Amino acid sequence: MADLSLLDIPRLLGYQFFQYAIIGGIIAALACAWVGLFLILRKEAMIGGGIAHTAFGGIALGLFLGIEPLLTTLLISILAVLGIAYMRKKGLAQSDSAIAVMYALGFALGLIIISLAGGFNVELFSYLFGSVLTIDTTDLIIVSILGIFTILFLGIFYKELLSITFDEESSRLMGIPVKPLSVSFNILVAITIVLSIKVIGIILVVALLVLPGLTALQLRLSFKGTTIAAIGFGILSITIGIMLSAIYNVATSGIIVFTAAGLFAWTAVYRRLE
Amino acid sequence: MASTKVETIMDVKNLDVTRSNSLVIKNASFKIDKGDYVGIVGPNGGGKTTLLLALLGILPKKAGSIKLFGNDIKSFSNWEKLAYVSQTALNFDVHFPLTVRELVGLGRVNRGIIGRKLRRSDWDAVDESLGFMGIKNIADKRIGELSGGQKQRVFVAKALVRNPELIFLDEPVTGVDAVTQEMFFKKLSDLKDKRGITILIVSHDLTAVFCRMSKVMCVNREVNVSEITEDFEPNDVLRDAYGEHFHFVFHRHTCEGVFNNG
(Lines give C-alpha, C1' and ligand atoms only; values in the text may rest on other atoms or scores of the structure.)
Protein backbone atom coordinates (compact mmCIF):
# COMPACT_ATOMS: atom_id res chain seq x y z
CA MET A 1 0.00 0.00 0.00
CA ALA A 2 2.92 2.32 -0.40
CA ASP A 3 1.92 4.86 -2.99
CA LEU A 4 -1.37 6.03 -1.55
CA SER A 5 -2.23 9.55 -0.46
CA LEU A 6 -4.93 11.15 1.66
CA LEU A 7 -7.04 11.45 -1.48
CA ASP A 8 -7.36 7.68 -1.55
CA ILE A 9 -9.30 7.56 1.71
CA PRO A 10 -12.74 7.53 0.04
CA ARG A 11 -11.60 4.59 -2.06
CA LEU A 12 -10.19 2.80 1.00
CA LEU A 13 -13.53 3.20 2.73
CA GLY A 14 -14.99 0.94 0.05
CA TYR A 15 -12.86 -1.99 1.18
CA GLN A 16 -14.20 -4.36 3.79
CA PHE A 17 -10.91 -4.59 5.71
CA PHE A 18 -10.89 -0.82 6.06
CA GLN A 19 -14.53 -0.65 7.14
CA TYR A 20 -13.90 -3.35 9.75
CA ALA A 21 -10.86 -1.46 10.99
CA ILE A 22 -12.78 1.81 11.35
CA ILE A 23 -15.81 0.20 13.03
CA GLY A 24 -13.68 -1.90 15.41
CA GLY A 25 -11.49 1.11 16.11
CA ILE A 26 -14.40 3.39 16.95
CA ILE A 27 -15.94 0.84 19.32
CA ALA A 28 -12.60 0.34 21.07
CA ALA A 29 -11.97 4.09 21.27
CA LEU A 30 -15.41 4.76 22.72
CA ALA A 31 -15.10 2.07 25.39
CA CYS A 32 -11.48 2.91 26.25
CA ALA A 33 -12.01 6.65 26.53
CA TRP A 34 -15.13 6.31 28.68
CA VAL A 35 -13.74 3.64 30.99
CA GLY A 36 -10.40 5.46 31.02
CA LEU A 37 -11.91 8.72 32.28
CA PHE A 38 -13.27 6.89 35.32
CA LEU A 39 -9.91 5.13 35.76
CA ILE A 40 -8.07 8.46 35.80
CA LEU A 41 -10.48 10.02 38.28
CA ARG A 42 -10.34 6.93 40.51
CA LYS A 43 -6.53 7.18 40.31
CA GLU A 44 -6.42 3.62 39.07
CA ALA A 45 -4.79 4.14 35.67
CA MET A 46 -2.18 1.50 36.47
CA ILE A 47 -4.85 -1.15 36.92
CA GLY A 48 -5.40 -0.65 33.19
CA GLY A 49 -1.72 -1.09 32.44
CA GLY A 50 -1.40 -4.03 34.82
CA ILE A 51 -4.35 -5.97 33.48
CA ALA A 52 -3.27 -5.35 29.91
CA HIS A 53 0.08 -6.99 30.64
CA THR A 54 -1.55 -9.86 32.49
CA ALA A 55 -3.52 -10.42 29.29
CA PHE A 56 -0.29 -11.61 27.67
CA GLY A 57 -0.66 -14.91 29.54
CA GLY A 58 -4.20 -15.28 28.25
CA ILE A 59 -3.17 -14.75 24.66
CA ALA A 60 -0.38 -17.33 24.90
CA LEU A 61 -2.79 -19.77 26.54
CA GLY A 62 -5.33 -19.37 23.75
CA LEU A 63 -2.77 -19.79 21.00
CA PHE A 64 -1.32 -22.85 22.78
CA LEU A 65 -4.68 -24.56 23.26
CA GLY A 66 -5.97 -23.55 19.87
CA ILE A 67 -8.91 -21.62 21.40
CA GLU A 68 -9.85 -18.08 20.32
CA PRO A 69 -7.17 -16.06 22.21
CA LEU A 70 -9.57 -13.19 23.01
CA LEU A 71 -11.73 -15.56 25.06
CA THR A 72 -8.86 -17.03 27.10
CA THR A 73 -7.57 -13.49 27.57
CA LEU A 74 -10.95 -12.38 28.85
CA LEU A 75 -10.87 -15.20 31.39
CA ILE A 76 -7.30 -14.51 32.55
CA SER A 77 -7.90 -10.75 32.77
CA ILE A 78 -11.03 -11.15 34.85
CA LEU A 79 -9.18 -13.58 37.13
CA ALA A 80 -6.46 -10.95 37.49
CA VAL A 81 -9.01 -8.28 38.44
CA LEU A 82 -10.60 -10.57 41.03
CA GLY A 83 -7.11 -11.47 42.29
CA ILE A 84 -6.27 -7.80 42.81
CA ALA A 85 -9.61 -7.20 44.54
CA TYR A 86 -9.05 -10.23 46.78
CA MET A 87 -5.54 -9.18 47.81
CA ARG A 88 -6.78 -5.68 48.63
CA LYS A 89 -9.77 -6.92 50.60
CA LYS A 90 -7.75 -9.38 52.67
CA GLY A 91 -5.06 -6.80 53.32
CA LEU A 92 -2.45 -8.96 51.58
CA ALA A 93 -1.27 -6.08 49.41
CA GLN A 94 -2.08 -2.47 48.54
CA SER A 95 -3.56 -1.75 45.16
CA ASP A 96 -0.28 -0.97 43.38
CA SER A 97 1.59 -3.97 44.80
CA ALA A 98 -1.34 -6.27 44.00
CA ILE A 99 -1.25 -5.02 40.40
CA ALA A 100 2.51 -5.65 40.25
CA VAL A 101 2.01 -9.25 41.40
CA MET A 102 -0.70 -9.97 38.81
CA TYR A 103 1.25 -8.19 36.09
CA ALA A 104 4.29 -10.42 36.67
CA LEU A 105 2.23 -13.60 37.04
CA GLY A 106 0.42 -12.99 33.75
CA PHE A 107 3.64 -12.36 31.91
CA ALA A 108 5.31 -15.39 33.51
CA LEU A 109 2.38 -17.58 32.43
CA GLY A 110 2.78 -16.34 28.88
CA LEU A 111 6.51 -16.97 28.93
CA ILE A 112 6.16 -20.55 30.19
CA ILE A 113 3.52 -21.38 27.60
CA ILE A 114 5.60 -19.89 24.79
CA SER A 115 8.62 -21.94 25.80
CA LEU A 116 6.46 -25.07 26.00
CA ALA A 117 5.05 -24.38 22.56
CA GLY A 118 8.45 -23.67 21.09
CA GLY A 119 7.38 -20.15 20.16
CA PHE A 120 4.65 -18.60 18.03
CA ASN A 121 6.23 -15.23 17.77
CA VAL A 122 4.66 -13.83 14.63
CA GLU A 123 1.09 -14.30 15.80
CA LEU A 124 1.89 -13.07 19.27
CA PHE A 125 3.29 -9.88 17.85
CA SER A 126 -0.10 -8.91 16.43
CA TYR A 127 -1.63 -9.23 19.89
CA LEU A 128 1.16 -7.31 21.56
CA PHE A 129 0.87 -4.33 19.25
CA GLY A 130 -2.51 -4.84 17.59
CA SER A 131 -3.29 -5.24 13.92
CA VAL A 132 -6.47 -3.36 13.30
CA LEU A 133 -6.15 -3.58 9.51
CA THR A 134 -6.37 -7.37 9.66
CA ILE A 135 -9.52 -7.62 11.81
CA ASP A 136 -11.77 -10.40 10.53
CA THR A 137 -15.50 -10.96 10.98
CA THR A 138 -15.07 -13.08 14.14
CA ASP A 139 -12.89 -10.40 15.72
CA LEU A 140 -15.38 -7.71 14.83
CA ILE A 141 -18.26 -9.69 16.34
CA ILE A 142 -16.33 -10.22 19.59
CA VAL A 143 -15.30 -6.54 19.72
CA SER A 144 -18.91 -5.43 19.08
CA ILE A 145 -20.44 -7.67 21.73
CA LEU A 146 -17.92 -6.64 24.37
CA GLY A 147 -18.20 -3.01 23.27
CA ILE A 148 -21.98 -2.95 23.52
CA PHE A 149 -21.81 -4.59 26.93
CA THR A 150 -19.33 -1.99 28.17
CA ILE A 151 -21.29 0.93 26.80
CA LEU A 152 -24.57 -0.39 28.24
CA PHE A 153 -23.01 -0.90 31.66
CA LEU A 154 -21.54 2.60 31.73
CA GLY A 155 -24.78 4.07 30.41
CA ILE A 156 -26.86 2.37 33.08
CA PHE A 157 -24.59 2.89 36.09
CA TYR A 158 -23.17 6.24 35.02
CA LYS A 159 -24.39 8.25 38.01
CA GLU A 160 -23.55 5.57 40.58
CA LEU A 161 -20.02 5.24 39.17
CA LEU A 162 -19.63 9.00 39.20
CA SER A 163 -20.85 9.13 42.78
CA ILE A 164 -18.46 6.46 44.09
CA THR A 165 -15.62 7.97 42.08
CA PHE A 166 -16.19 11.39 43.60
CA ASP A 167 -16.84 10.36 47.19
CA GLU A 168 -16.89 6.70 48.16
CA GLU A 169 -17.76 7.31 51.80
CA SER A 170 -20.84 9.42 51.22
CA SER A 171 -21.96 7.09 48.41
CA ARG A 172 -21.93 4.21 50.86
CA LEU A 173 -24.10 6.29 53.18
CA MET A 174 -26.58 6.95 50.42
CA GLY A 175 -27.04 3.21 49.98
CA ILE A 176 -25.01 2.77 46.80
CA PRO A 177 -23.41 -0.70 46.71
CA VAL A 178 -19.84 0.59 46.49
CA LYS A 179 -17.88 -2.69 46.65
CA PRO A 180 -19.85 -4.65 44.02
CA LEU A 181 -19.82 -1.62 41.71
CA SER A 182 -16.07 -1.14 42.10
CA VAL A 183 -15.32 -4.78 41.29
CA SER A 184 -17.79 -4.74 38.38
CA PHE A 185 -16.09 -1.63 37.09
CA ASN A 186 -12.67 -3.28 37.22
CA ILE A 187 -14.05 -6.30 35.36
CA LEU A 188 -15.31 -3.81 32.81
CA VAL A 189 -11.76 -2.50 32.53
CA ALA A 190 -10.62 -6.06 31.73
CA ILE A 191 -13.36 -6.42 29.10
CA THR A 192 -12.41 -3.10 27.54
CA ILE A 193 -8.77 -4.11 27.34
CA VAL A 194 -9.64 -7.43 25.72
CA LEU A 195 -11.81 -5.78 23.10
CA SER A 196 -9.00 -3.34 22.32
CA ILE A 197 -6.27 -5.94 21.88
CA LYS A 198 -6.87 -6.41 18.16
CA VAL A 199 -7.00 -2.69 17.62
CA ILE A 200 -4.03 -1.40 19.56
CA GLY A 201 -2.45 -4.37 21.34
CA ILE A 202 -1.83 -5.02 25.01
CA ILE A 203 1.35 -2.97 25.34
CA LEU A 204 -0.15 0.31 24.16
CA VAL A 205 -3.79 -0.01 25.23
CA VAL A 206 -3.07 1.99 28.39
CA ALA A 207 -2.44 5.02 26.17
CA LEU A 208 -5.91 4.73 24.70
CA LEU A 209 -7.36 4.41 28.20
CA VAL A 210 -5.57 7.40 29.67
CA LEU A 211 -4.73 9.97 26.96
CA PRO A 212 -8.24 10.88 25.72
CA GLY A 213 -9.46 11.42 29.29
CA LEU A 214 -6.41 13.49 30.22
CA THR A 215 -6.87 15.58 27.09
CA ALA A 216 -10.52 16.19 27.87
CA LEU A 217 -9.73 17.12 31.49
CA GLN A 218 -7.56 20.00 30.19
CA LEU A 219 -10.69 21.65 28.80
CA ARG A 220 -12.22 22.03 32.30
CA LEU A 221 -15.74 21.12 31.29
CA SER A 222 -18.63 19.60 33.22
CA PHE A 223 -18.53 15.86 33.79
CA LYS A 224 -20.87 15.25 30.88
CA GLY A 225 -18.82 17.55 28.66
CA THR A 226 -15.56 15.90 29.74
CA THR A 227 -16.96 12.45 28.95
CA ILE A 228 -18.11 13.48 25.49
CA ALA A 229 -14.81 15.24 24.78
CA ALA A 230 -12.80 12.20 25.93
CA ILE A 231 -14.76 9.90 23.64
CA GLY A 232 -14.33 12.39 20.80
CA PHE A 233 -10.56 12.56 21.31
CA GLY A 234 -10.37 8.76 21.46
CA ILE A 235 -12.29 8.27 18.23
CA LEU A 236 -10.31 11.03 16.52
CA SER A 237 -6.99 9.44 17.52
CA ILE A 238 -8.03 6.01 16.27
CA THR A 239 -9.46 7.12 12.94
CA ILE A 240 -6.50 9.37 12.18
CA GLY A 241 -4.18 6.53 13.19
CA ILE A 242 -5.91 3.98 10.99
CA MET A 243 -6.00 6.27 7.95
CA LEU A 244 -2.40 7.42 8.21
CA SER A 245 -1.13 3.91 8.82
CA ALA A 246 -3.08 2.53 5.85
CA ILE A 247 -1.74 5.24 3.57
CA TYR A 248 1.87 5.39 4.70
CA ASN A 249 2.13 1.74 5.74
CA VAL A 250 3.41 2.37 9.28
CA ALA A 251 2.41 0.63 12.52
CA THR A 252 -1.19 1.63 13.32
CA SER A 253 -0.95 1.52 17.08
CA GLY A 254 2.18 3.66 17.05
CA ILE A 255 0.41 6.35 15.04
CA ILE A 256 -2.68 6.11 17.25
CA VAL A 257 -0.62 6.71 20.39
CA PHE A 258 1.27 9.58 18.79
CA THR A 259 -1.98 11.19 17.63
CA ALA A 260 -3.53 10.84 21.09
CA ALA A 261 -0.38 12.22 22.74
CA GLY A 262 -0.28 15.04 20.18
CA LEU A 263 -3.87 16.04 21.00
CA PHE A 264 -2.99 15.98 24.69
CA ALA A 265 0.07 18.19 24.17
CA TRP A 266 -1.94 20.56 22.00
CA THR A 267 -4.74 21.05 24.55
CA ALA A 268 -2.19 21.38 27.36
CA VAL A 269 -0.33 24.16 25.49
CA TYR A 270 -3.63 25.81 24.53
CA ARG A 271 -4.60 25.82 28.23
CA ARG A 272 -1.34 27.47 29.26
CA LEU A 273 -1.60 30.15 26.58
CA GLU A 274 -5.18 31.01 27.43
CA MET B 1 -41.59 29.25 73.57
CA ALA B 2 -44.50 28.24 71.41
CA SER B 3 -46.28 25.29 72.94
CA THR B 4 -46.66 23.15 69.85
CA LYS B 5 -46.58 19.41 70.28
CA VAL B 6 -42.99 18.20 70.25
CA GLU B 7 -42.10 15.14 68.28
CA THR B 8 -38.98 13.32 69.41
CA ILE B 9 -37.07 12.14 66.36
CA MET B 10 -33.99 10.85 68.10
CA ASP B 11 -33.94 9.12 71.43
CA VAL B 12 -30.61 7.92 72.75
CA LYS B 13 -30.26 5.96 75.99
CA ASN B 14 -27.09 4.85 77.78
CA LEU B 15 -25.09 4.82 74.59
CA ASP B 16 -21.49 3.56 74.66
CA VAL B 17 -19.37 3.76 71.51
CA THR B 18 -15.85 2.39 71.25
CA ARG B 19 -13.23 2.98 68.62
CA SER B 20 -10.13 0.75 68.48
CA ASN B 21 -11.06 -0.67 71.88
CA SER B 22 -11.19 2.64 73.76
CA LEU B 23 -14.43 4.05 75.05
CA VAL B 24 -15.06 7.28 73.12
CA ILE B 25 -18.68 7.93 74.08
CA LYS B 26 -19.75 6.89 77.55
CA ASN B 27 -23.28 6.40 78.75
CA ALA B 28 -24.89 9.10 76.59
CA SER B 29 -28.61 9.75 76.99
CA PHE B 30 -30.45 12.55 75.21
CA LYS B 31 -33.40 13.41 73.04
CA ILE B 32 -33.59 15.52 69.89
CA ASP B 33 -36.96 16.95 68.88
CA LYS B 34 -38.23 17.82 65.45
CA GLY B 35 -37.10 21.32 64.48
CA ASP B 36 -34.19 21.46 66.90
CA TYR B 37 -31.10 23.34 65.79
CA VAL B 38 -28.36 21.67 67.78
CA GLY B 39 -24.79 22.92 68.07
CA ILE B 40 -22.37 20.13 68.96
CA VAL B 41 -19.37 21.49 70.82
CA GLY B 42 -16.46 20.00 72.71
CA PRO B 43 -12.69 19.71 72.58
CA ASN B 44 -10.86 18.02 69.70
CA GLY B 45 -10.76 14.29 70.21
CA GLY B 46 -13.78 14.53 72.50
CA GLY B 47 -15.81 12.18 70.31
CA LYS B 48 -18.04 14.54 68.27
CA THR B 49 -17.49 12.79 64.94
CA THR B 50 -17.63 9.36 66.56
CA LEU B 51 -21.00 10.21 68.08
CA LEU B 52 -22.36 11.40 64.73
CA LEU B 53 -21.15 8.26 62.97
CA ALA B 54 -22.80 6.08 65.60
CA LEU B 55 -26.09 8.01 65.25
CA LEU B 56 -25.90 7.45 61.50
CA GLY B 57 -25.38 3.74 62.00
CA ILE B 58 -21.94 3.82 60.39
CA LEU B 59 -20.10 2.94 63.58
CA PRO B 60 -21.56 0.11 65.67
CA LYS B 61 -22.56 0.93 69.21
CA LYS B 62 -21.13 -0.98 72.14
CA ALA B 63 -24.09 -0.63 74.44
CA GLY B 64 -27.32 1.30 74.89
CA SER B 65 -30.06 2.15 72.42
CA ILE B 66 -30.63 4.62 69.59
CA LYS B 67 -34.13 5.28 68.32
CA LEU B 68 -34.59 7.20 65.07
CA PHE B 69 -38.07 8.46 64.25
CA GLY B 70 -39.45 6.04 66.81
CA ASN B 71 -37.68 2.95 65.45
CA ASP B 72 -34.69 1.17 66.87
CA ILE B 73 -31.62 1.84 64.73
CA LYS B 74 -31.26 -1.88 64.02
CA SER B 75 -34.62 -2.05 62.29
CA PHE B 76 -34.54 1.53 60.92
CA SER B 77 -34.63 1.65 57.15
CA ASN B 78 -35.73 5.16 56.19
CA TRP B 79 -32.18 6.38 55.76
CA GLU B 80 -33.26 8.89 53.12
CA LYS B 81 -34.74 10.90 56.00
CA LEU B 82 -31.16 11.59 57.13
CA ALA B 83 -28.47 13.52 55.33
CA TYR B 84 -24.85 13.95 56.34
CA VAL B 85 -22.16 16.41 55.29
CA SER B 86 -18.84 15.02 56.47
CA GLN B 87 -15.79 16.87 57.74
CA THR B 88 -13.88 15.87 54.60
CA ALA B 89 -16.62 16.57 52.03
CA LEU B 90 -15.20 20.00 51.23
CA ASN B 91 -11.67 18.70 50.67
CA PHE B 92 -12.33 17.19 47.26
CA ASP B 93 -9.95 17.10 44.31
CA VAL B 94 -10.29 20.58 42.79
CA HIS B 95 -9.55 19.22 39.31
CA PHE B 96 -12.53 16.86 39.41
CA PRO B 97 -14.69 17.68 36.37
CA LEU B 98 -18.04 18.34 37.97
CA THR B 99 -20.40 21.29 37.95
CA VAL B 100 -22.41 22.42 40.95
CA ARG B 101 -25.61 21.17 39.31
CA GLU B 102 -24.07 17.77 38.57
CA LEU B 103 -22.81 17.43 42.15
CA VAL B 104 -26.15 18.36 43.68
CA GLY B 105 -27.79 15.91 41.24
CA LEU B 106 -25.68 13.13 42.77
CA GLY B 107 -27.51 13.84 46.01
CA ARG B 108 -30.61 12.27 44.41
CA VAL B 109 -28.87 8.95 43.92
CA ASN B 110 -29.91 6.37 46.49
CA ARG B 111 -30.54 2.68 46.95
CA GLY B 112 -33.99 2.90 45.39
CA ILE B 113 -32.95 4.29 42.02
CA ILE B 114 -29.79 2.33 41.20
CA GLY B 115 -29.48 2.02 37.46
CA ARG B 116 -32.21 4.45 36.48
CA LYS B 117 -31.60 7.87 35.00
CA LEU B 118 -32.36 11.02 36.94
CA ARG B 119 -35.77 12.24 35.84
CA ARG B 120 -37.23 15.66 35.24
CA SER B 121 -38.57 15.62 38.80
CA ASP B 122 -35.08 14.91 40.14
CA TRP B 123 -33.65 17.90 38.27
CA ASP B 124 -36.55 20.05 39.48
CA ALA B 125 -35.60 19.11 43.03
CA VAL B 126 -31.98 20.04 42.23
CA ASP B 127 -33.04 23.48 40.98
CA GLU B 128 -35.27 23.99 43.98
CA SER B 129 -32.44 23.08 46.33
CA LEU B 130 -29.99 25.39 44.53
CA GLY B 131 -32.58 28.16 44.73
CA PHE B 132 -33.14 27.66 48.43
CA MET B 133 -29.42 27.83 49.18
CA GLY B 134 -29.12 30.92 46.97
CA ILE B 135 -26.60 29.38 44.59
CA LYS B 136 -28.56 29.12 41.35
CA ASN B 137 -26.21 31.65 39.77
CA ILE B 138 -23.24 29.29 40.16
CA ALA B 139 -25.06 26.12 39.04
CA ASP B 140 -22.87 25.67 35.96
CA LYS B 141 -19.60 26.52 37.68
CA ARG B 142 -17.05 23.79 38.23
CA ILE B 143 -16.86 22.82 41.89
CA GLY B 144 -13.09 23.35 41.88
CA GLU B 145 -13.61 27.05 41.24
CA LEU B 146 -15.81 27.72 44.27
CA SER B 147 -14.97 29.78 47.34
CA GLY B 148 -15.16 28.20 50.80
CA GLY B 149 -18.57 29.70 51.52
CA GLN B 150 -19.96 28.54 48.18
CA LYS B 151 -18.67 25.01 48.81
CA GLN B 152 -20.56 24.90 52.12
CA ARG B 153 -23.78 25.90 50.46
CA VAL B 154 -23.28 23.49 47.59
CA PHE B 155 -22.78 20.53 49.90
CA VAL B 156 -25.76 21.48 52.01
CA ALA B 157 -27.76 21.76 48.77
CA LYS B 158 -26.59 18.25 47.89
CA ALA B 159 -27.80 17.01 51.28
CA LEU B 160 -31.04 18.98 50.99
CA VAL B 161 -31.95 17.66 47.56
CA ARG B 162 -32.90 14.34 49.12
CA ASN B 163 -35.62 16.08 51.19
CA PRO B 164 -34.23 14.86 54.51
CA GLU B 165 -35.88 15.54 57.85
CA LEU B 166 -32.61 15.51 59.74
CA ILE B 167 -29.25 16.90 58.62
CA PHE B 168 -25.91 16.22 60.30
CA LEU B 169 -23.12 18.65 59.51
CA ASP B 170 -19.66 17.75 60.74
CA GLU B 171 -17.96 21.13 60.89
CA PRO B 172 -17.98 22.01 57.20
CA VAL B 173 -16.44 25.40 58.00
CA THR B 174 -12.73 25.38 57.21
CA GLY B 175 -11.39 28.29 55.19
CA VAL B 176 -14.42 30.52 55.56
CA ASP B 177 -14.43 34.04 56.95
CA ALA B 178 -16.61 35.09 59.87
CA VAL B 179 -19.21 37.02 57.87
CA THR B 180 -19.70 34.18 55.39
CA GLN B 181 -19.87 31.83 58.32
CA GLU B 182 -22.63 33.77 59.96
CA MET B 183 -24.60 33.93 56.72
CA PHE B 184 -24.26 30.18 56.52
CA PHE B 185 -25.61 29.69 60.06
CA LYS B 186 -28.47 32.03 59.18
CA LYS B 187 -29.25 29.93 56.09
CA LEU B 188 -29.39 26.86 58.29
CA SER B 189 -31.87 28.68 60.56
CA ASP B 190 -34.05 29.14 57.50
CA LEU B 191 -33.92 25.41 56.85
CA LYS B 192 -35.26 24.83 60.30
CA ASP B 193 -37.87 27.60 60.22
CA LYS B 194 -39.18 27.22 56.68
CA ARG B 195 -38.85 23.50 56.19
CA GLY B 196 -38.94 22.10 59.68
CA ILE B 197 -35.67 20.32 59.14
CA THR B 198 -33.81 19.28 62.26
CA ILE B 199 -30.13 20.20 62.24
CA LEU B 200 -27.18 18.85 64.19
CA ILE B 201 -24.00 20.76 63.47
CA VAL B 202 -20.53 20.36 64.92
CA SER B 203 -19.10 23.83 65.44
CA HIS B 204 -16.25 25.56 67.20
CA ASP B 205 -18.01 28.88 66.89
CA LEU B 206 -19.49 29.06 70.39
CA THR B 207 -20.97 32.51 69.91
CA ALA B 208 -22.91 31.31 66.90
CA VAL B 209 -24.11 28.27 68.79
CA PHE B 210 -25.44 30.28 71.73
CA CYS B 211 -26.93 33.08 69.64
CA ARG B 212 -28.44 31.05 66.91
CA MET B 213 -29.27 27.55 68.01
CA SER B 214 -31.93 25.97 70.19
CA LYS B 215 -29.85 23.34 71.94
CA VAL B 216 -26.21 22.79 72.71
CA MET B 217 -24.68 19.34 72.92
CA CYS B 218 -21.37 19.16 74.79
CA VAL B 219 -19.36 16.12 73.88
CA ASN B 220 -16.26 15.04 75.77
CA ARG B 221 -16.70 11.33 76.30
CA GLU B 222 -19.82 12.22 78.19
CA VAL B 223 -22.66 13.88 76.36
CA ASN B 224 -24.71 16.68 77.81
CA VAL B 225 -27.59 18.31 75.96
CA SER B 226 -29.07 21.56 77.24
CA GLU B 227 -31.75 23.80 75.89
CA ILE B 228 -30.53 27.32 75.17
CA THR B 229 -32.93 29.72 76.83
CA GLU B 230 -32.87 33.42 77.71
CA ASP B 231 -31.29 32.96 81.12
CA PHE B 232 -28.98 30.21 80.03
CA GLU B 233 -25.43 30.37 81.39
CA PRO B 234 -23.10 28.85 78.76
CA ASN B 235 -20.20 28.29 81.15
CA ASP B 236 -22.23 25.89 83.26
CA VAL B 237 -22.35 23.34 80.49
CA LEU B 238 -19.12 24.21 78.73
CA ARG B 239 -17.00 23.57 81.85
CA ASP B 240 -18.17 19.96 81.88
CA ALA B 241 -16.75 19.50 78.43
CA TYR B 242 -13.77 21.81 78.33
CA GLY B 243 -12.60 21.69 81.97
CA GLU B 244 -12.72 23.86 85.13
CA HIS B 245 -10.44 26.59 83.83
CA PHE B 246 -12.43 27.24 80.72
CA HIS B 247 -14.23 30.53 80.60
CA PHE B 248 -16.28 31.66 77.66
CA VAL B 249 -17.08 35.35 77.63
CA PHE B 250 -20.55 35.69 76.26
CA HIS B 251 -22.98 38.58 76.38
CA ARG B 252 -26.40 38.12 74.97
CA HIS B 253 -26.36 41.58 73.42
CA THR B 254 -23.48 40.55 71.08
CA CYS B 255 -26.06 38.43 69.32
CA GLU B 256 -28.06 41.52 68.38
CA GLY B 257 -25.22 43.25 66.60
CA VAL B 258 -23.48 40.41 64.85
CA PHE B 259 -26.44 38.22 64.18
CA ASN B 260 -28.51 40.16 61.78
CA ASN B 261 -31.74 38.34 61.17
CA GLY B 262 -32.71 40.41 58.14
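## Worked exercises on a two-chain model

A:Lys198 counts as buried, because 26 other C-beta atoms lie within 10 Å. Bear in mind that this model is predicted.

**Exercise 1. Place A:Lys198 in its chain: which helix is A:Lys198 found in, and which residues does A:Lys198 touch?**

- Step 1: start with the element. A:Lys198 sits in helix 10 of chain A, residues 178–200.
- Step 2: check the burial call. The cut-off for buried is 20 or more other C-beta atoms within 10 Å, and A:Lys198 has 26, so buried it is.
- Step 3: list the contacts, leaving out residues up to four places away in sequence. What remains is A:Gly24, A:Gly130, A:Ser131, A:Val132, A:Ile135, A:Asp139 and A:Val143.
- Step 4: try a distance. A:Lys198 and A:Gly58 are 140 residues apart along the chain, and their C-alpha atoms are separated by 14 Å.

**Exercise 2. Work out whether the length of helix 12 of chain A agrees with its residue count, then say what follows that helix.**

- Step 1: helix 12 covers residues 223–248 of chain A, which is 26 residues.
- Step 2: the expected span is 1.5 Å times one less than the number of residues. For helix 12 of chain A that gives 38 Å.
- Step 3: the end C-alpha atoms of helix 12 are 37 Å apart, so the two values agree.
- Step 4: next along the chain comes A:Asn249, with a positive phi near 55 degrees.

**Exercise 3. Find where confidence is lowest and where it is highest in chain A.**

- Step 1: get the overall picture. Chain A has a mean pLDDT of 90, with 98% of its residues at 70 or more.
- Step 2: go helix by helix. The low end is helix 6 (residues 121–129) of chain A, at a mean of 79, and the high end is helix 11 (residues 205–218) of chain A, at 95.

**Exercise 4. Sketch the open sheet of four strands in chain B: what is the strand order, and which strands stand at the edges?**

- Step 1: write down the order, 2-1-4-5, with antiparallel pairing.
- Step 2: read off the ends. Strand 2 (22–33) and strand 5 (71–72) of chain B each have a single partner strand, so each has one side without a neighbour in the sheet.
- Step 3: add the helix. Helix 1 (residues 48–55) of chain B packs on the sheet and touches strand 1 (8–19), strand 2 and strand 4 of chain B. Its direction makes about 120 degrees with that of strand 1 of chain B.
- Step 4: zoom in on one edge. Strand 4 (residues 63–68) and strand 5 of chain B are joined by two bridges, and B:Lys67 has B:Asp72 as its bridge partner.

**Exercise 5. Compare B:Asn14 and B:Asn21: where does each lie, and is each buried or exposed?**

- Step 1: B:Asn14 lies in strand 1 of chain B, while B:Asn21 is in the loop between strand 1 and strand 2 of chain B.
- Step 2: count neighbours. B:Asn14 has 12 C-beta neighbours inside 10 Å, so B:Asn14 counts as exposed. B:Asn21 has 5 other C-beta atoms within 10 Å and is exposed too.
- Step 3: look at the backbone. Phi is near 50 degrees for B:Asn14 and near 65 degrees for B:Asn21. Most residues other than glycine have a negative phi.

Note on methods. Residues numbered from 1 in each chain as written. Chains lettered and ligands numbered in written order. Predicted model: local features only at pLDDT ≥ 70, side-chain atom pairs only at ≥ 80, totals over all residues. Pairing = 2+ DSSP bridges. Contact = placed C-beta atoms within 7 Å. Axes fitted to C-alpha atoms, helices over the stretch in contact; angles between N-to-C directions. pLDDT = per-residue confidence, 0-100.
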